[in-house]
Amino acid sequence: MKPKLIFLTCTWNRPNITKIFRDNLLDIQNKTRDLFEFVNIVIDSDNSNYDIFKDHSSFIYHNHDNLPVSNKWNYGSSLCSSIDFDYIIIIGSDDILDESILTKYYEYMIGGYDFIGILDLYVYNILTDNLYYWPGYSEPIRKGETIGLGRCLSNQLVKKLKYNLWLDNKNKGLDSSMNIKINKLPNIKKITFYSKDIGICCDIKSETNITSFSKLSKKMDEINQTTTKYKKIKSMIYEN
């Protein structure tokens, strides 16, 4: 029997980036439909991306106040309580993956893991056409912590968290707040991996976050435009 996955995302504005996200998600789901069943939940605000999803029956579309951000995400996870699923995958509306990542998830799901996480990612600046690689947290207090993109939680883990995956009333530090909640639970079977060894895991930066990105990019390695990774990510963004 195929595992049923819920992809949960939150959106607000940035329709050009959201459309890239939507097309990529549908593409990788089409390529892995022999392995999984899919449910996609989108929590928007102010109907800002309604036109992106209105004609796509593959998405369950809801609206919620954008702030506090963690309350918006928790609203989305609460909707999962009425769905029969095996795993939830958390993904931002500016994130893209390739099918190799989902195939890796499948291996770990068959292994019975409750929490599957990614340690690294690529970052693409859509304004300047630059690609960077971030190898993960290096600070002692956060080393080994997974990124938010692609966090995968089993049905049993979600139930233990009572469908409330983040601390309420948070506008930043959401990834850490989920860690706090999970780390309080006993006997959680976890596994992490580096995406660069498997396929593509990429965050797209645009005009709404370019200031913070200019600081972040100084800590990352820039990827040459002649590389296979750069060409693959460009094709995922512009050819779907």
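Ile200 is buried, with a relative accessible area of 2%, and in this predicted model the residue is found in the loop between strand 10 and strand 11 (201-205). A second buried loop residue is Thr146, whose relative accessible area is 4% and which is found between strand 8 (130-134) and strand 9 (152-154). The points below take up these two loop positions, then strands 6 and 10, then the second largest pocket, and finally helix 3.

**Surroundings of Ile200**
- Leaving aside residues up to four places away in sequence, Ile200 touches Ile96, Leu97, Asp98 and Ile101, together with Lys229, Lys232, Ile233 and Met236.
- One of these contacts, Ile233, is 33 residues from Ile200 in sequence, while the C-alpha atoms of the two residues are 7.3 Å apart in space.

**Surroundings of Thr146**
- The side chain of Thr146 makes a polar contact with the side chain of Arg151, at 2.9 Å.
- Not counting residues up to four places away in sequence, the residues that Thr146 touches include Phe115, Gly117 and Ile118, which belong to strand 6 (residues 115-118), and Thr192, which belongs to strand 10 (residues 190-193).
- The remaining residues touched by Thr146 under that count are Leu119, Tyr137 and Arg151.

**Strands 6 and 10**
- Strand 6 is covered on both faces, since Phe115 and Gly117 on one side are buried, as are Ile116 and Ile118 on the other.
- Strand 6 runs antiparallel to strand 9, to which 2 bridges join it, and within this pairing Leu153 is the bridge partner of Phe115.
- Strand 6 runs parallel to strand 10, with 4 bridges joining the two, and Ile118 stands opposite Phe193 in strand 10.
- Along strand 10 the side chains alternate, so that Ile191 and Phe193 point to one face and are buried, whereas Lys190 and Thr192 point to the other face and are not buried.
- This agrees with a general pattern, in which the side chains of a regular strand alternate between the two faces of the sheet.

**The second largest pocket**
- The second largest pocket holds about 220 Å³ of space, and its lining includes Phe115 and Thr146 as well as Lys190 and Thr192.
- Two or more lining residues come from each of helix 6 (174-183) and strand 10, and helix 6 gives the most, with 5 residues.
- Also among the lining residues are Arg142, Gly144 and Glu145, along with Ser176, Asn179, Ile180, Ile182 and Asn183.
- By class, the lining of this pocket has 3 nonpolar, 6 polar and 3 charged residues.

**Helix 3**
- Because 8 of the 11 residues of helix 3 (residues 69-79) are buried, this helix is largely enclosed by the rest of the structure.
- The buried residues of helix 3 are Ser70, Asn71, Lys72, Trp73, Asn74, Gly76, Ser77 and Leu79.
- These buried residues pack against strand 1 (4-10), strand 2 (37-44), strand 3 (59-63) and strand 4 (87-90), and also against helix 6, the element that gives the most to the lining of the second largest pocket.

Note on methods: Residues are numbered from 1 along each chain as its sequence is written. This is a predicted model: local features need pLDDT of at least 70, side-chain atom pairs count only at pLDDT 80 or more; totals for chains, interfaces and linings use all residues. Side-chain values use heavy atoms; hydrogens and water are left out. Buried means under 20% relative accessible area, exposed over 50%, partly exposed in between (1.4 Å probe, protein chains only). A polar contact is a pair of N or O atoms within 3.5 Å; within protein, one must be able to donate a hydrogen and the other to accept it, and residues adjacent in sequence count only if both atoms are side-chain atoms. Contact means heavy atoms within 4.5 Å. Two strands pair if DSSP finds at least two bridges between them. On a 1 Å grid over the protein atoms alone, a cavity is a set of points where a 1.4 Å probe fits but cannot get out, and a pocket is an open set with protein on both sides within 12 Å along at least five of seven lines; lining residues have an atom within 4 Å of a point. Grid points are joined across faces, edges and corners, and a volume is the space filled by probe spheres set on the points. Ala, Val, Leu, Ile, Met, Phe, Trp, Tyr, Cys and Pro count as nonpolar, Asp, Glu, Lys and Arg as charged, and the others, Gly among them, as polar.
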